[in-house]
Amino acid sequence: MVLETKLKAAGMDVDCAPNGIEGLRKLRAEKFDLVITDLMMSEMDGYQFTHAIKTDDALKSIPVLVYTATYTDAKDEALARNLGANGFILKPATDEDFFAEVKRLVSQAAAGALPQETLSLEEMAYLRQYTERLVRKLQDKVGELEIARNRLQDLNATLESRVKEATSELRRTNEELEAFAYTVSHDLRSPLRSIEGMVSAVVTNSPPLSEEERQQFLARAAALAVQGQHLISDLLDYARLKSADLPLAPVPLERVVNAALESIGSAQLARAKVNIAPLRSNVLANESTLSHVTYNLVANALKFVKPGVAPSLHIFETERDGWIRLSITDNGIGIPADQRERIFKVFERLHDSRAYPGTGVGLAIVQRAMEKMRGRVGVDSNEGNGSTFWIELPTAG
Ligand code: ADP
């Protein structure tokens with residue numbers, strides 16, 4: 001098609017045939033100034049085609065130009081020329097060379113100056129050479145097919161293992177999802193059950209309740225309903241994180257910590273001592289997600305203190321091997337060594353929600369967010385003597 005377009009653009013009339021048989025039919029039906037042929041064609045290849053033209057008295061004065069690329073070596077050209085081809089060009093040729101040859105052949109033929117070689121090959125010799133060329137081409141083709149088949153086999157094997165991987169990943173996700181749904185329904189149901197119990201005690205008033213008890217029940221039911229709402233919105237945050245696309249960019253740690261403290265609010269910070277070391281690093285992260293993570297950690301550090309103890313926090317950064325660690329040390333109740341992994345799972349809480357209100361989702365959000373930002377999270381703690389939660393992210397200068 002490229003050739004046809006180029007020839008037409010050069011002002012020539014062009015007709016095309018898919019193979020030698022069709023080519024011969026067209027040559028016999030109309031007058032042509034030049035034949036351009038490939039070698040590998042179905043039905044009748046370029047050798048046979050050239051041979052047929054050059055042994056036909058009505059056609060042999062038409063110049064034949066072989067234009068080919070497939071499995072070509074010097075013997076191909078020799079055979080084509082022996083069969084009467086007047087020109088032989090290897091693909092890809094520059095337009096300049098190609099058109100020069102086309103013009104040379106056409107004007108030579110028009111001037112009646114086309115060398116009319118009497119075929120130098122005996123029929124038997126031609127057949128032998130032709131068979132040799134054909135066998136070589138077929139061998140090449142078989143070799144090429146062999147390589148293609150091996151490549152396909154490799155591809156199939158990788159595909160199979162990828163499908164296996166994807167299936168087991170899917171199965172794992174499904175199992176996780178089932179376990180998650182179970183926990184969610186359990187944890188959502190328990191405040192609902194308590195609300196129902198307290199409200200119906202008030203409604204039925206049997207056994208009879210004092211006014212103070214009624215107020216207490218209703219206040220507790222209202223608090224549980226609020227907790228249920230928090231639970232749902234925390235769960236949504238957690239679930240959304242899984243599929244969220246978190247673009248990462250350099251983020252100054254100082255800005256993140258300030259944003260977290262601002263969200264916590266001055267009222268809650270008023271009774272705490274918060275010491276922040278100079279934060280000079282930038283990390284590679286998603287800023288709003290990192291602020292959310294920092295908020296959760298600071299909020300926990302402020303919350304989990306013994307009753308009557310004023311929270312005291314130390315926030316600082318350290319750097320090692322291209323990683324920036326942001327640490328938040330508190331003077332809280334600490335975490336037993338054997339519980340330090342558990343608390344990062346959804347709904348895992350070590351304390352009664354009356355003593356320390358919460359949903360048990362905060363650290364699960366932290367862990368998932370850190371995974372998604374290709375960072376790490378951990379905790380060091382002396383039981384009863386404060387904890388240090390830390391997150392690590394790659395430095396961004
Ligand atoms: P929540 O704070 O809503 O209870 P989290 O997922 O944030 O849920 O934390 C899970 C549990 O880990 C908490 O219930 C608490 O037992 C423990 N924990 C988290 N942070 C601290 C901390 N700074 N000091 C002591 N215990 C903590």
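## Ligand shell and mixed sheet

In this predicted model, a polar side-chain atom of arginine 349 is placed 2.7 Å from an oxygen atom of the ligand, a distance that falls under the definition of a polar contact (a pair of N or O atoms within 3.5 Å; within protein, one must be able to donate a hydrogen and the other to accept it, and residues adjacent in sequence count only if both atoms are side-chain atoms). Lysine 303 also brings a polar side-chain atom to 3.0 Å from an oxygen atom of the ligand, while for glycine 360 a polar backbone atom is the partner, at 2.9 Å from a ligand oxygen. On its own the ligand has 520 Å² of accessible area, of which the protein covers 98%; such areas come from the Shrake-Rupley method with a 1.4 Å probe, and for residues only the protein chains shown count as cover.

Because the model is predicted, local features need pLDDT of at least 70 and side-chain atom pairs count only at pLDDT 80 or more, whereas totals for chains, interfaces and linings use all residues. Residues are numbered from 1 along each chain as its sequence is written, and side-chain values use heavy atoms, with hydrogens and water left out.

The ligand is surrounded by 21 residues, with Asn300, Asp330, Arg349, Thr359 and Leu363 the closest; a residue is near a molecule or strand if one of its heavy atoms lies within 4 Å of it. The shell divides into nine nonpolar, eight polar and four charged residues, where Ala, Val, Leu, Ile, Met, Phe, Trp, Tyr, Cys and Pro count as nonpolar, Asp, Glu, Lys and Arg as charged, and the others, Gly among them, as polar. At least two shell residues each come from helix 10 (287-303), helix 11 (362-372) and strand 10 (387-394), and helix 10 gives the most, with three. Helices (H or I, at least four residues) and strands (E, at least two) are DSSP runs numbered from the N terminus.

Strand 10 also belongs to an open sheet of five strands, in the order 5-7-8-10-9 and with mixed pairing. Strand 5 (273-276) and strand 9 (376-381) are the edge strands, each pairing on one side only. Two strands pair if DSSP finds at least two bridges between them; three of the pairings are listed here.

| Strand pair | Sense | Bridges | Example of partners |
|---|---|---|---|
| Strand 7 and strand 8 | antiparallel | seven bridges | glutamate 317 and leucine 326 |
| Strand 8 and strand 10 | antiparallel | seven bridges | isoleucine 324 and leucine 393 |
| Strand 9 and strand 10 | antiparallel | six bridges | serine 381 and serine 387 |

Helix 8 (residues 253-264) packs on this sheet and touches strand 5, strand 7 (312-320) and strand 8 (323-329), and its direction makes about 30° with that of strand 8. Contact here means heavy atoms within 4.5 Å, and axes are lines fitted to C-alpha atoms, for helices over the stretch in contact, with angles running from 0 to 180 degrees between N-to-C directions.

Strand 7 and strand 8 form a hairpin with two residues between them, and in its turn aspartate 321 has a positive phi of about 50°, a sign found here in a residue other than glycine.

Two loops elsewhere carry cis peptide bonds. One runs from lysine 91 to proline 92, with omega near -10°, and proline 92 lies between strand 3 (87-90) and helix 5 (95-110). Another joins serine 206 and proline 207, with omega about 0°, in the case of proline 207 within the loop between helix 6 (123-204) and helix 7 (211-243).
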